[in-house]
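Thanks for sharing this one. Here are a few friendly notes on the cysteines and on one piece of the surface, to read alongside the coordinates.

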Amino acid sequence: MIGATFRRITPQLIILGIVLLLNFLVFPGFFSIEFQNGRLFGNLIDVLNRGAPVALLSIGMTLVIATKGIDLSVGAVMAIAGAVAASVVTGGGGWFTALIAALAAGLLCGLWNGVLVAFLRVQPIVATLVLMVAGRGVAQLITEGKIMTFLNEGLIFLGAGTILGLPTPIIIWLAMGTLVTFVVRRTALGMLIEAIGINETASRLAGINSRVLLLAVYLISGVCAATAGVIVAADIKGADANNAGLWMELDAILAVVIGGNSLLGGRFSIVASLLGALIIQSVNSVILLSGMPPEFNLVIKALIIIVILVIQSPTVKHALYLLRASAGSAVPEAHAVGPRNSPAKETRS
Amino acid sequence: MKLKTALLISAMALAPAIASAADKTVGFSQIGSESGWRAAETTVTKQQAEERGIDLKFADAQQKQENQIKALRSFIAQGVDAILLAPVVATGWDSVLEEAQDAEIPVILLDRKVDASDDLYMTAVTSDTVYEGEVAGKWLVDAVGSEECRVVELQGTTGSSPAIDRKAGFEKAIADAPNITIVRSQTGDFTRAQGKVVMESFLKAEGAENICALYAHNDDMAVGAIQAIKEAGATPGDDILVVAIDAVPDMHLAIANGEANATVELTPNMAGPAFDILDAYWADGTMPPKWVQTESRLYTADDDNQAIYEMKKGLGY
């Protein structure tokens, strides 16, 4: 099983490697990691740390997309969760209450999306668009349009603290990713989610309670977004309802796509999506370290992303496969294809 | 308290002018509440009107030009004595401004200008964003003297006019100081979160010990960057000088705590000068120049930043 997973994520690993190498080329000190002030300090740590919000979003987004849905509201949910957490601690509550309140807000948002999609049968892109637009307004109402700052050490720890030298956000997204992957892959849930994405009617006829599962994936997405929102707010010690999570839903979708998951639903890999999130953050890192004028930021990002997506496109993949196959016996994978096909032919004949 | 007394005294001194402004009705079309600064501008405008005994009719356009045009038309229909307009966009104002002119209602633009013939409005009260950058740059030139200084710059949203102007102004101010060079410049999108992220990369790429000062196009980015500097083990305000623009309450707090050094105020009091202009116009028909520049005041550690923070906190920033 590990072998299969490894084969699945090989393209993402290669791309990540190339982008990290690009980082090394523009800034030779990229891979150096030091231990100072009780925390690991280095660009690689930054990539893992700064990639946390998109990584968290991509976990929930992968499941939603696997059901052939999409969740555009995650950025707004981040803003709401940050605002809720900030208002709890500024109102005198503890960090744990704030975290629970923020996660509850995320669940509520997920419930809203899930009910619209699973029970009222609104198309996911429309259903979640409602919250994407309205959610930021809700967050602004909570913060009264200001940046709501707080000094609660416990809450700040979630965004800017360290555990064993590693920034807390890294631990959080790794834990969340492991937990969700474990739950969906060690049970039949993952397969059932894939079944809904491939053909919902058929899966329902086969006895899958598709409504509850659909609701569940939007709930998970809401919780992931709320966690990301708390991290982002804790990081700057303030809830910025105008900017927290702004356009981040697009980065999350991009992470899922770079992870090689189809927007048409079906088979998914959370690990690949997480790698996608790291690839996006590494691209951002190249831009920041290159010292190019900011006018080029989006152009560079677009170019790198286009190259990544073109390499992953089915046509190019097929062409690469043909190229390797025609190169003859020198390439071991061409061998692998041959024997695997031949027994089938034998049984047929 | 002191401020209130000062305002009272100045109000008494202005008593004759106030006599002409009293019982006047002024319509104010505000863009909306897109930022803390704008919320503060609305609060200050209402305060200014109340102090002068002006009846202010307030219309929030929720970031839509059509709402502003509607508000202006309703002000004209109500026959207000003057209109204050904070335009959301620069174009498309000609016809409604002509209607105001036909009704002989003076229009004063606040904070932003419009692309219309300048005889359609009385004047524009705005800040000079290039000058703001210059004030920040001059402060740095004076602060470092002849020492070598490598500056990192956090730009505003790429292509936005305050970002372009504040960059140009700062560069102009340091042009004659060969010891000051901008070594890294990147956008932080005017936000705290991005300011922090970009500063982190500056600190890694240059090394904290090789950066002498940070210039941020707004205070929010500076506040984010200050956190990044602290996490990198350096002392903001000492190892790395921090200068920014806007003078929002949190920046005053940072200066009071010694974590930042200077900020240039983008005053939310655009209405004060506008009402002064209207007073003069109503008293003896004095016409103002077509552009009135608001003061870009520099705040440093010499000011009582804790008190200013407490005072500004209530304005809605």
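1. A search of the whole structure, which is a predicted model, turns up one disulfide over all chains. The partners are B:C149 and B:C212, with their sulfur atoms 1.8 Å apart. You may like to know that the link between B:C149 and B:C212 is left-handed, at -80° about the S-S bond.

2. What does this disulfide tie together? B:C149 sits in strand β6 (residues 149-155) of chain B, while B:C212 belongs to the loop between α8 (192-206) and β8 (213-216) of chain B, so the pair joins parts that are 63 residues apart in sequence. Both B:C149 and B:C212 are buried.

3. On to chain A, where A:C109 is in no disulfide. The nearest cysteine sulfur to A:C109 is that of A:C224, 13 Å away. Why is A:C224 not bonded to A:C109? Their sulfur atoms are 13 Å apart, which is too far for a bond, because a disulfide needs the two sulfur atoms within 2.5 Å.

4. Are A:C109 and A:C224 buried or exposed? A:C109 counts as buried, because its relative accessibility is 9%. A:C224 is buried as well, with a relative accessible area of 1%.

5. Finally, please have a look at the surface of chain A. There A:L21, A:L22, A:F24, A:L25 and A:F31 make a nonpolar patch of about 460 Å². One of these residues, A:F24, lies in helix α1 (residues 2-26) of chain A. With a relative accessible area of 34%, A:F24 is partly exposed.

Note on methods. Residues are numbered from 1 along each chain as its sequence is written. Chains are lettered from A and ligands numbered from 1 in the order in which they are written. This is a predicted model: local features need pLDDT of at least 70, side-chain atom pairs count only at pLDDT 80 or more; totals for chains, interfaces and linings use all residues. Side-chain values use heavy atoms; hydrogens and water are left out. Helices (H or I, at least four residues) and strands (E, at least two) are DSSP runs, numbered from the N terminus. Buried means under 20% relative accessible area, exposed over 50%, partly exposed in between (1.4 Å probe, protein chains only). Patches are made of residues with over 30% relative accessible area and no salt bridge: like charges are joined within 9 Å, nonpolar side chains (Val, Leu, Ile, Met, Phe, Trp, Tyr) within 5 Å. Accessible areas come from the Shrake-Rupley method with a 1.4 Å probe; for residues, only the protein chains shown count as cover. A salt bridge is a side-chain nitrogen of Lys or Arg within 4 Å of a carboxyl oxygen of Asp or Glu.
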